[in-house]
Number of protein chains: 4
Amino acid sequence: MYNFRTDLALERRDLYKKANNLKEEIDGIEAKEEKINDNIIVSRVEVINENGENAIGKPKGSYITIDFKNLKIAHEEEIQMASEIVTKELSQLLAKHIQKTDSILVVGLGNIYVTPDALGPKVINEIDITRHLLEYMPEVLDKDTREVSAISPGVLGTTGIETLEILKGIIDNVKPKLVIVIDALASRSIERISSSVQLADTGIVPGAGVDNARKELTIATLGVPVIAIGIPTVVEAATIAADSLTLLIQKVQNEAQSNEFLNQLQEEDKYTLIKEVLTPEEYNFIVTPKEIDSLIEKMKDIIARGINFAVN
Amino acid sequence: MYNFRTDLALERRDLYKKANNLKEEIDGIEAKEEKINDNIIVSRVEVINENGENAIGKPKGSYITIDFKNLKIAHEEEIQMASEIVTKELSQLLAKHIQKTDSILVVGLGNIYVTPDALGPKVINEIDITRHLLEYMPEVLDKDTREVSAISPGVLGTTGIETLEILKGIIDNVKPKLVIVIDALASRSIERISSSVQLADTGIVPGAGVDNARKELTIATLGVPVIAIGIPTVVEAATIAADSLTLLIQKVQNEAQSNEFLNQLQEEDKYTLIKEVLTPEEYNFIVTPKEIDSLIEKMKDIIARGINFAVN
Amino acid sequence: MYNFRTDLALERRDLYKKANNLKEEIDGIEAKEEKINDNIIVSRVEVINENGENAIGKPKGSYITIDFKNLKIAHEEEIQMASEIVTKELSQLLAKHIQKTDSILVVGLGNIYVTPDALGPKVINEIDITRHLLEYMPEVLDKDTREVSAISPGVLGTTGIETLEILKGIIDNVKPKLVIVIDALASRSIERISSSVQLADTGIVPGAGVDNARKELTIATLGVPVIAIGIPTVVEAATIAADSLTLLIQKVQNEAQSNEFLNQLQEEDKYTLIKEVLTPEEYNFIVTPKEIDSLIEKMKDIIARGINFAVN
Amino acid sequence: MYNFRTDLALERRDLYKKANNLKEEIDGIEAKEEKINDNIIVSRVEVINENGENAIGKPKGSYITIDFKNLKIAHEEEIQMASEIVTKELSQLLAKHIQKTDSILVVGLGNIYVTPDALGPKVINEIDITRHLLEYMPEVLDKDTREVSAISPGVLGTTGIETLEILKGIIDNVKPKLVIVIDALASRSIERISSSVQLADTGIVPGAGVDNARKELTIATLGVPVIAIGIPTVVEAATIAADSLTLLIQKVQNEAQSNEFLNQLQEEDKYTLIKEVLTPEEYNFIVTPKEIDSLIEKMKDIIARGINFAVN
């Protein structure tokens, strides 16, 4: 499969169309875009058949991308409005899979000790959980309160245990009817870093993303529907380099035309070049805005409130 | 049972002896003290029969308290020496229960977002884990490397799930031969806050401690031996107040003797008085040194290194 | 002078009245209380002459205490409302001393690395400053924008330099017309920890507070009016113990009456007793709610927004 | 001047030699390299005349770069050894400018709230200061103790005040004989991020670095010698892209030779291309290893210990 270097269905669909010079929509994909206001755009990509799956390497299901512009300078009001969009979209996805009072487990993937990876655990700390109150002091809650629990399982490099192994054990005991997983994604666009959210009801199927080692978290592996809330927090440094080279090559070919060398060069050589630039391979280099700490705080508020109002 | 307001077996034994005016050792308890150097004292309390259990409210087993003096001003060398004492004592406890290469799961209880409660999760972040390497790249490890994994399950108030429920599921999947649990303890002595460690091979049986809600973590509930590494991080404010009152009452009675009112007053009234001082009951007030952040960083190094050298 | 063990003018006035069995107001003090709603009370204490100064050990000026109840469970709306009260009171104090466009320097005292002491530096990070924009890109600002700058000078124990020495140099260069200083206070009431604010236009005159070493920050030392925004973040452990003992002694005397021993005991002995309980003197023990991290985040929002709307 | 996009004298000298195809050393520069062990290399660049200054855009003086390899996996021992190299080099620089007991002010530039920028303030928190002890309790110190003070002035974007303005006022009051400034640098090499240190006795002269706005901190502006300890913490994303393009263009020209278009393209066009890739200009995009948090903790220990042993 094509190496999309992004986990966003929307970006993959755009890349696929561009690479194949498609003017109409891909067979097996339905897409539409809704502009909420100057700062918020909601894009929907539905993968409806196997051809769509193969084209963009994502299983059948709904993929909703919410882009927030100018989050860097957003104040309380914009953050509240952004969270309401997350609530609205998440509520619709939930309604497709469970009843109003069915129990939910919220899972925050990532590593609290690594800044660009800390969003999942930070959101978990803000989730309004009810499960222990329902057990120990039900009298303080409304009658139809939904059971909500939450966990940050940590990462393989810190625990030595696959996320899937940890979650399976917990789900056996807690028995939620649905799992919401918050995860960091790789994106192609630095504009989207900590400024976009992808909601999907297909769970998490690792692929072109940053961390390939973890196994998939889906209804197939966990036994209940899995809604993934993914936030792009990194662009791989190699992506920036590769995108620069692609643009240059296009430009050279457009303007200088018959360069046979460049015609052959395209893919393989580019990676050799990038490797020369990004030497120390044992490091995981990422491109990130210097303002990442403050962006993550804002995105944490958007996602946590978005979930709290959707599930309660 | 007497409300010891401490989780340390050593303090309970001292309080029991004092309250009962015992000159010799309690029946069912064996105790000895070893002074390592000017700054480190190791005290051993063995509970050997049911009478000992009833006296101090702790199950049969070994309780080793290591007190570090002047940790506030300790430098790298003292921290290293302190960690070596932890390694030595922990190695002996491990040898009593498992073989040299038997797998271990290290559990860090507590809440990373609450300063005095963050020690457990912070230690987990420093544990040298091997389980994932044994699975994915065994060639980089020595042949007889022990399998070590680690987890911070979070707290009931953040997850809605009992620690026991989370751990049972994980243990079913990971199948360790022994569990080490790092926990924050309540102590009677403000001198011990983040300056002492209690190692015990009896697991965790909640009682007079701060957080009564969680259920016990022992071989009976988890199915494998449980070594508890407890660090006093709080003294309840009520303890300070109660200890002040006890001293005053003793003094008044010693010197003024026949005060009938005081004779009756002793226990019940004290709590009414303390309540008047410590009003907002919904808060969990603790006494803590202002230097708690830096003490916890040092204790984290001592415990993490102590474990890493004992298990690897 | 009486050791009030609190920096709040309101608590000192109450203690003075109680200790002297005053029914009417202290000569030299004017006080009134305004209940804003179920959760917010504003109390005003004016020290109007020397007798008032001597009584409560605070210089002539206005002391406004805002108490927030239930901050622990406060959500966005309550925090916003609380910040509006701070804005209103602060605006009135500012109007007494400077013009609408006069420049202001906001100073956050405290140590970012010590949880209960980190409020000042955290607020500074949220202040909307304009001074550099006025200098480098005035075209992006409204014409009558006030010049606002901000600094966290650190603490003597970390810098080796008195706060006064640092501020004098900065004020010589920046030349603000008024200084706002955010500071942590000691209180007698654990209910007020990170749940109250005292605004005062008299600057900071160290006295019975936690940190006596620093020198005063007032118009006399800095050359411009100084508004102090103080937030109680600690109660000394000795206060809890002393208050318990006082209550006990009162009770014993009320009910058992003629106890000569107790009559003499009152003050001196209490401190000997408390010393026996609170041994390691080199530590600075404080009583703090376990929820201090989250309370400080909320109070940071209240103060920062309160200032931002008052000064801009 | 050539846009070096690096603050390291060593990298500038290499780039200059390469760009000008120089085989011998640049006139006005002296350079040598010393391999301490497998993991540590010390490189010295002396700028000895105006020609050297113009070539690499750095004032006359000594520039010592210490490169630490494998810091990511470094343990206590390697960190200690690295800090000893910093101590040795820093001691020699100090001896060139001041006497053994002359007072020093250590300044940590940067923003504690922005992960890649937090090194300076973090080091300040670890400096062993003596100034307040010399003033208040000289009896606890050795007779010839040097006066050491330290400050984190914050950044222009948070304070609204130029670092130079803040430091001038403090230096007027504290009157140190020398200033050590810790600063984050831009580098061309991602291998050096939080893994190298540049010591220089020429202070800080902003130029091709990330933050151009601040004014220079040198003996000319502060009135005392300024030793700069700079740590590369970021590579600009544009650098990665530009370096990839340069390599590609070289390769294309080597192998395809007579491409007139590429011959003209070289410099200007590259920036247009990079701009197309790195769109949202208001952001400050950087390349950083994902492990930046842990690298900064290690580097903080190396620098703080390196300074503490050199100055005390």
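Contact here means heavy atoms within 4.5 Å. By that yardstick, 31 residues of chain C and 31 residues of chain D take part in the contact between them. This is a predicted model, in which local features need pLDDT of at least 70 and side-chain atom pairs count only at pLDDT 80 or more, while totals for chains, interfaces and linings use all residues. Residues are numbered from 1 along each chain as its sequence is written, chains are lettered from A and ligands numbered from 1 in the order in which they are written, and side-chain values use heavy atoms, with hydrogens and water left out.

Here is the C–D interface in brief.

| Item | Value |
|---|---|
| Area buried between chain C and chain D | about 2,500 Å² |
| Share of that area from carbon and sulfur atoms | 55% |
| Salt bridges between chain C and chain D | two |
| Residue pairs in polar contact (both at pLDDT 80 or more) | 12 |

Buried area is the accessible area (1.4 Å probe) that two parts lose on being put together, summed over both. A salt bridge puts a side-chain nitrogen of Lys or Arg within 4 Å of a carboxyl oxygen of Asp or Glu. A polar contact is a pair of N or O atoms within 3.5 Å; within protein, one must be able to donate a hydrogen and the other to accept it, and residues adjacent in sequence count only if both atoms are side-chain atoms.

One salt bridge pairs C:Arg131 with D:Glu165, with 2.8 Å between the closest N and O atoms. On the chain C side, at least two residues each come from α4 (119–124), α5 (131–136), β5 (148–151), α6 (156–159) and α7 (163–174). Helices (H or I, at least four residues) and strands (E, at least two) are DSSP runs, numbered from the N terminus. The largest share of that side, seven residues, belongs to α7(C).

Now for the symmetry. Chain C lands on chain D after a rotation of 180° with 0.0 Å of shift along the axis (RMSD 0.0 Å), so the two copies are related as by a two-fold rotation axis. The superposition is by least squares on the C-alpha atoms of residues with pLDDT of at least 70 in both. Within chain C, C:Gly169 comes closest to the axis, at 1.8 Å (C-alpha). The copies meet through the same surface, because 100% of the interface residues of chain C are also interface residues in chain D.

Finally, a look at D:Arg44, which sits in strand β2 (residues 40–47) of chain D. Its side chain makes a polar contact with that of D:Glu34 (3.0 Å).
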